[in-house]
Structures are given as structure tokens and as C-alpha cells.
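Hi,

Here is the structure I promised to pass on. Have a look at it first, and my notes follow underneath.

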Amino acid sequence: MFFSQYTRYLKHSMNNIRISIAIIALFSAFLFVGCKEIGPEINFKPKYEGDTSYLTSSVPVAQEKVVYLEEFTGVQCVNCSQGHQLVADLLVLHGERLAAV
């Protein structure tokens, strides 16, 4: 009696396991198949087709920029007179385009 109930219980459990495996397999198949991604359409044609040599638009003028130069010394190095002279020469050479501290 006990053995027949146990075998019936095992058959029922095996059927539940098979159904669970089938459901998991079906669900994972849906995950891997899924929808195909469709990316945006990209137009690789140039906007202007023709010779750009004679366009009338002007090129913007470059901005005037100032270079910032900071003079400093290290822990074991004393103030360097050659460095001071080099900064003074650069200031004379570049004028308003160089800011030295």
C-alpha cells in the first residue's frame, strides 16, 4: 500500500517537474527570439552636392586669446634668475597676448 502511494506521488512529482521545465524552456525561447530592433534611418548623402570652393559665406575670425604663464619654484630649488629673465623676454616678445604671474 505504501509503495503504490509513493510511486503515484513520484509520478505526479515528475509530471510537475516536466511541466515546469517545459514552461521555463518556452519562456526562455521567447526571451531569445524577441523582437528585432529597427534602428533609425541615416541619410549618408551630403547636404550640399556641388563645388564648395565658391561659396559666399565667410569664415569666422579667430578669437584673440591670452596665454597665462605662472612661474613657481620647487621645494629644493631657489628663485631662478634665468627663469625670471626668460619670462621677461617672453613678455616683451608677445606683449598683451601673455599674462605672467
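Which helix is methionine 14 found in? That would be α1, which covers residues 2–33. One thing to keep in mind as you read: this is a predicted model.

Methionine 14 comes out as partly exposed, because its relative accessibility is 42%, between the 20% and 50% cut-offs. On the surface, Met14 joins Ile17 and Ile21 in a nonpolar patch, and together they have about 290 Å² of accessible area. A reminder that goes with this: an α-helix has 3.6 residues a turn, so residues three or four places apart point the same way.

Now the overall picture. The chain has two helices and two strands, in the order α-β-α-β along the sequence. Just 2% of its 101 residues count as buried. The exposed area is about 10,500 Å², with carbon and sulfur atoms supplying 64% of it.

The second helix, α2, runs over residues 81–94. I checked its length: at 1.5 Å a residue, its 14 residues should span 20 Å, and the end C-alpha atoms are indeed 20 Å apart. After α2 comes glycine 95, with a positive phi near 60°.

Leucine 69 is worth a click too. It sits in strand β1 (residues 67–69) and counts as partly exposed, because its relative accessibility is 27%. Beyond its neighbours within four places in sequence, leucine 69 contacts Val87, Leu90, Leu98, Ala99, Ala100 and Val101. From leucine 69 to valine 87 is 18 residues in sequence, but 8.3 Å in space, C-alpha to C-alpha.

Cheers

How values were computed
Residues are numbered from 1 along each chain as its sequence is written. This is a predicted model: local features need pLDDT of at least 70, side-chain atom pairs count only at pLDDT 80 or more; totals for chains, interfaces and linings use all residues. Side-chain values use heavy atoms; hydrogens and water are left out. Helices (H or I, at least four residues) and strands (E, at least two) are DSSP runs, numbered from the N terminus. Buried means under 20% relative accessible area, exposed over 50%, partly exposed in between (1.4 Å probe, protein chains only). Accessible areas come from the Shrake-Rupley method with a 1.4 Å probe; for residues, only the protein chains shown count as cover. Patches are made of residues with over 30% relative accessible area and no salt bridge: like charges are joined within 9 Å, nonpolar side chains (Val, Leu, Ile, Met, Phe, Trp, Tyr) within 5 Å. A salt bridge is a side-chain nitrogen of Lys or Arg within 4 Å of a carboxyl oxygen of Asp or Glu. The expected span of a helix is 1.5 Å times one less than its number of residues. Contact means heavy atoms within 4.5 Å.
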